[in-house]
Amino acid sequence: MVDQTSPVALPRLECAAERAVELMVPVIDQLDRDIETAEALVSECTTTLVAAKLALLGPDDAVPVSQNRRRAPRGERQNYAAMAGVGVRGETPVDTVALANAYAEASTKTTLATRKLDDAKKKKAAMLSRVPVTKAGFEALGRACIQPGFTYYQDHFNEEGGRLYRLKLGFRAAEVFDPIKLQEMSVSCANLLIDDLVYFDFPEFTTDFLMA
């Protein structure tokens with residue numbers, strides 16, 4: 001039997017692996033861009049959500065100052081209602097219902113953005129778990145795909161005692177029944193093929209019959 005560890009010769013595998021890496025580069029780059037876009041969206045939605053929540057809880061002027069928290073000067077305080085997109089202090093009254101709706105909308109957008117980011121990361125992870133991205137990885141994948149078939153053929157067709165070894169020799173011997181091939185082959189070659197007809201295991205193909 002063939003040594004299972006003996007690799008099949010694949011002279012074009014290295015070239016194919018290099019080409020595969022080239023094809024994977026734009027795919028991985030696109031996945032990375034999708035993740036970056038999703039991260040930016042999550043950041044934007046989170047900022048809006050925080051602003052909406054603070055606006056809903058009340059004006060920053062009304063937030064009590066604890067012992068560990070310094071009240072920012074008026075010029076430095078954030079107008080969270082404006083950041084949430086609901087009213088501008090001093091110009092438009094802030095509607096509590098509108099603030100609640102703004103918070104709910106911001107919360108939904110943040111949830112969807114986070115889900116989109118998770119999906120983008122999972123998509124890349126799934127891709128990397130199924131397909132290699134390096135030359136060595138593609139070469140290993142190529143050998144893993146080809147080697148079992150090569151080993152099967154060697155063991156069954158080429159090794160004496162293999163399940164299909166005799167059938168292969170008999171099939172090759174049947175070339176003597178092809179008048180075109182028979183015309184092109186030498187007498188000695190034809191005699192060898194005739195002898196190999198015994199591998200068909202037909203009871204009529206006795207040694208005396210084939211030698212006649």
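At what angle do helix H1 (residues 13-57) and helix H4 (residues 135-158) pack, and how far apart are their axes? In this predicted model, the two helices meet at an angle of about 125°, and their axes lie 8 Å apart. An angle over 145 degrees would count as roughly antiparallel and one of 65 to 115 as roughly perpendicular, and H1 and H4 are therefore classed as oblique to each other. The crossing by which H1 passes H4 is right-handed.

The residues that form this contact can be followed on each helix in turn. On the side of H1 they are Leu-13, Glu-14, Ala-17, Glu-18, Ala-20, Val-21 and Met-24, and on the side of H4 they are Lys-135, Phe-138, Glu-139, Gly-142 and Arg-143. Sorted by class, the contact of H1 with H4 comprises six nonpolar residues, one polar residue and five charged residues.

Leu-13 offers a way into this contact from a single position. This residue lies in helix H1, and because its relative accessibility is 14%, under the 20% limit, Leu-13 counts as buried. When its neighbours within four places in sequence are left aside, Leu-13 is in contact with Phe-138, Glu-139, Gly-142 and Arg-143, and these four residues are also listed among those of H4 that meet H1. A further pairing links the two parts of the sequence, since Leu-13 and Ala-140 are separated by 127 residues in sequence, while their C-alpha atoms are 9.6 Å apart in space.Further along H1 stands Lys-53, which has a relative accessibility of 45% and therefore counts as partly exposed. Lys-53 and Ala-102 are 49 residues apart in sequence, and the distance between them from C-alpha to C-alpha is 8.8 Å. Thr-110, for its part, is found in helix H3 (residues 96-130), and with a relative accessibility of 10% this threonine counts as buried. Where does Thr-110 make its contacts, if residues up to four places away in sequence are not counted? Thr-110 touches Cys-45, Thr-46 and Leu-49.

The path then returns to H4, the helix in which Asp-155 lies. Is this aspartate, Asp-155, buried or exposed? Its relative accessibility is 7%, so Asp-155 counts as buried. Asp-155 and Tyr-165 are 10 residues apart in sequence, with a C-alpha to C-alpha distance of 8.5 Å in space.

Another aspartate, Asp-196, has its place in helix H7 (residues 187-196). Asp-196 has a relative accessible area of 17% and is buried, and, with residues up to four places away in sequence not counted, Asp-196 touches Leu-169, Gly-170, Arg-172 and Ala-173.

These local views can be set within the chain as a whole. The secondary structure of the chain comes to eight helices and zero strands, and read along the sequence its pattern is α-α-α-α-α-α-α-α. Of the 212 residues of the chain, 25% count as buried. Among the contacts between residues at least 6 apart in sequence, 61% join residues that are at least 24 apart. The accessible surface of the chain comes to about 14,800 Å², and 59% of that surface belongs to carbon and sulfur atoms.

Conventions. Residues numbered from 1 in each chain as written. Predicted model: local features only at pLDDT ≥ 70, side-chain atom pairs only at ≥ 80, totals over all residues. Heavy atoms only, no water. Buried < 20%, exposed > 50% of the residue type's maximum accessible area, 1.4 Å probe, protein only. Contact = heavy atoms within 4.5 Å. Axes fitted to C-alpha atoms, helices over the stretch in contact; angles between N-to-C directions. Parallel < 35°, antiparallel > 145°, perpendicular 65-115°, else oblique. Left-handed = near helix turned anticlockwise from the far one by under 90°. Nonpolar A, V, L, I, M, F, W, Y, C, P; charged D, E, K, R; others polar. Areas by Shrake-Rupley, 256 points an atom, 1.4 Å probe, with all protein chains shown as cover.
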